[in-house]
Amino acid sequence: MFPSAQTLNSAFKGTQKPFIAASPAEKKAFVAHSTVEVNSPRYFYTCAAGGVLACGLTHYAMTPLDMLKCRMQVNKNLYSGVFDGFKKVASAEGIKGLFTGGAPTLVGYSLQGLGKYGFYEYFKYLYAGAVGEEAAAKYKTLLYLSASASAELIADVMLCPMEALKVKMQTSSTPFATSFVGGLSKIHAAEGMSGFYKGLTPLWLRQIPYTMVKFATFEKTVEAIYKNILSKPKEEYGKVEQLAVTFSAGYFAGIFCAIVSHPADTLVSKLNNVAKAEGESTGALAVRILKDLGFAGVWTGLVPRIFMIGTLTGLQWFIYDSFKVATGLPTTGGAAAPKKE
């Protein structure tokens, strides 16, 4: 899935200096030991593994809130609010009901995290090498935006089948399927492979702007925190302090992500729950749904989604950077990339 070691080594030659961070307790620098060379194939695979943990675990943990959000988007009169929804679902279906759609959520967003974070690091390095060090430094925000958009384009292809199953399981008035495999079989039997990907374009419309905001805002916020709020460069802080910056910047980025992507998120929920008329294309169905919803309708469920996405994005960045630190790699953002010798 990712480029081979031979391809990357031929494209990007040279060695990397070890990342050095400061230990406040000892007041001297310590070396973050890692056998993984930054911007090597192993580095990209390591980042992809961190993305699996970051996205899969956090989205699964948020399944109850996501389920309520999807149901409110499909039927805005179903619950009077988030807490009313929790109470009614728990009373009628138990704790298990709150995690309806949990299996496809875990699988789908683990795959998405693999593509999102792994390819982001790869494309960021690839595009920086293509334009040159000076241009990459001057136009860092464009670099973040283009790399994240490219990564998400691929990640959503991996996510889309699971997203289709998740939404159907969460929003059907009667249980859609008794098992994960049964749900996949039911979609395939009724609609073929197109049933898994009919929401791909709206998913791109939701996720690509979301991810561009998520990565660019995070990177710029980390830079701003170290430059304008904290008194020392990133390298002079320990791992705990750096990870605290990571979570703060991630939560801040998540608020903007939720707002930017919410109309498309509402459309995805509807598309996977509304049947097409005979001969109707996915595009025509989307237009019909948007007309029915109106401007106010596409913003239904925004408040719980802001809370969900803010928390989720902060935790994702925290888990991702914690995984990188555990493997001896530096946290994301806030300092110039290691230069070649």
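**Exercise 1. Determine how many helices and strands the protein has, and what share of its residues is buried.**

Solution. In this predicted model, the secondary structure of the protein consists of 13 helices and two strands. Turning to accessibility, buried residues account for 52% of the 341 residues. A further step concerns the contacts between residues at least 6 apart in sequence, of which 76% join residues at least 24 apart.

**Exercise 2. Identify the residues with the most contacts inside the largest nonpolar core, and state which elements give two or more residues to this core.**

Solution. The largest nonpolar core holds 29 residues, and those with the most contacts inside it are Tyr43 and Tyr117. Two or more residues of this core come from each of α2 (41-61), α5 (102-131), α7 (140-171), α10 (200-229), α11 (239-271) and α13 (302-326). Besides this core there is a second, separate one of nine residues, with Val213, Cys257, Ala258 and Met308 among them. Returning to Tyr43, and setting aside its neighbours within four places in sequence, one finds contacts with Val36, Glu37, Val38, Glu121, Lys324 and Leu329.

**Exercise 3. Describe how α2 and α5 pack, giving the angle, the handedness and the classes of the residues in contact.**

Solution. The axes of α2 and α5 cross at roughly 145° and come within 6 Å. The handedness follows as the next item, and α2 passes α5 in a right-handed crossing. Sorted by class, the contact of α2 with α5 comprises 15 nonpolar, nine polar and two charged residues.

**Exercise 4. Decide whether α7 and α8 are roughly parallel or roughly perpendicular to each other, and list the residues that make the contact.**

Solution. Begin with the geometry: α7 and helix α8 (residues 180-191) pack at an angle of about 100°, with 10 Å between their axes. Angles of 65 to 115 degrees count as roughly perpendicular, and α7 and α8 are therefore roughly perpendicular to each other. On the side of α7 the contact is made by Met162, Ala164, Leu165 and Lys168, while α8 contributes Phe180, Gly183, Leu184, Ile187 and Glu191. By class, six residues of the contact of α7 with α8 are nonpolar, one is polar and two are charged.

**Exercise 5. Carry out the corresponding analysis for α3 and α4, including the handedness of the crossing.**

Solution. Helix α3 (residues 63-74) and helix α4 (residues 82-98) pack at about 120°, and their axes are 11 Å apart. The crossing of these two helices, α3 and α4, is right-handed. From α3 the contact draws on Thr63, Pro64, Leu65, Met67, Leu68 and Arg71, and from α4 on Val82, Gly85, Phe86, Val89, Glu93, Gly97 and Leu98. Divided by class, the residues of the contact of α3 with α4 are eight nonpolar, three polar and two charged.

**Exercise 6. Establish whether Gln170 and Gln316 are buried or exposed, and name the residues in contact with each.**

Solution. Gln170 is found in helix α7, and its relative accessibility is 0%, so that Gln170 counts as buried, the cut-off being under 20%. Not counting residues up to four places away in sequence, Gln170 touches Thr63, Asp66, Met67, Cys70, Arg71, Thr100 and Gly101.

Gln316 lies in helix α13, and because its relative accessibility is 1%, Gln316 also counts as buried. Leaving aside neighbours within four places in sequence, Gln316 is in contact with Ala54, Cys55, Thr58, His59, Tyr117 and Lys214. As a last step, consider the pair Gln316 and Gly51, which are 265 residues apart along the chain, yet have C-alpha atoms separated by 8.0 Å.

Key
Residues numbered from 1 in each chain as written. Predicted model: local features only at pLDDT ≥ 70, side-chain atom pairs only at ≥ 80, totals over all residues. Heavy atoms only, no water. Core = buried A, V, L, I, M, F, W, Y, C linked by side-chain atoms within 4.5 Å. Buried < 20%, exposed > 50% of the residue type's maximum accessible area, 1.4 Å probe, protein only. Helix = DSSP H or I, 4+ residues; strand = E, 2+ residues; numbered from the N terminus. Contact = heavy atoms within 4.5 Å. Axes fitted to C-alpha atoms, helices over the stretch in contact; angles between N-to-C directions. Parallel < 35°, antiparallel > 145°, perpendicular 65-115°, else oblique. Nonpolar A, V, L, I, M, F, W, Y, C, P; charged D, E, K, R; others polar. Left-handed = near helix turned anticlockwise from the far one by under 90°.
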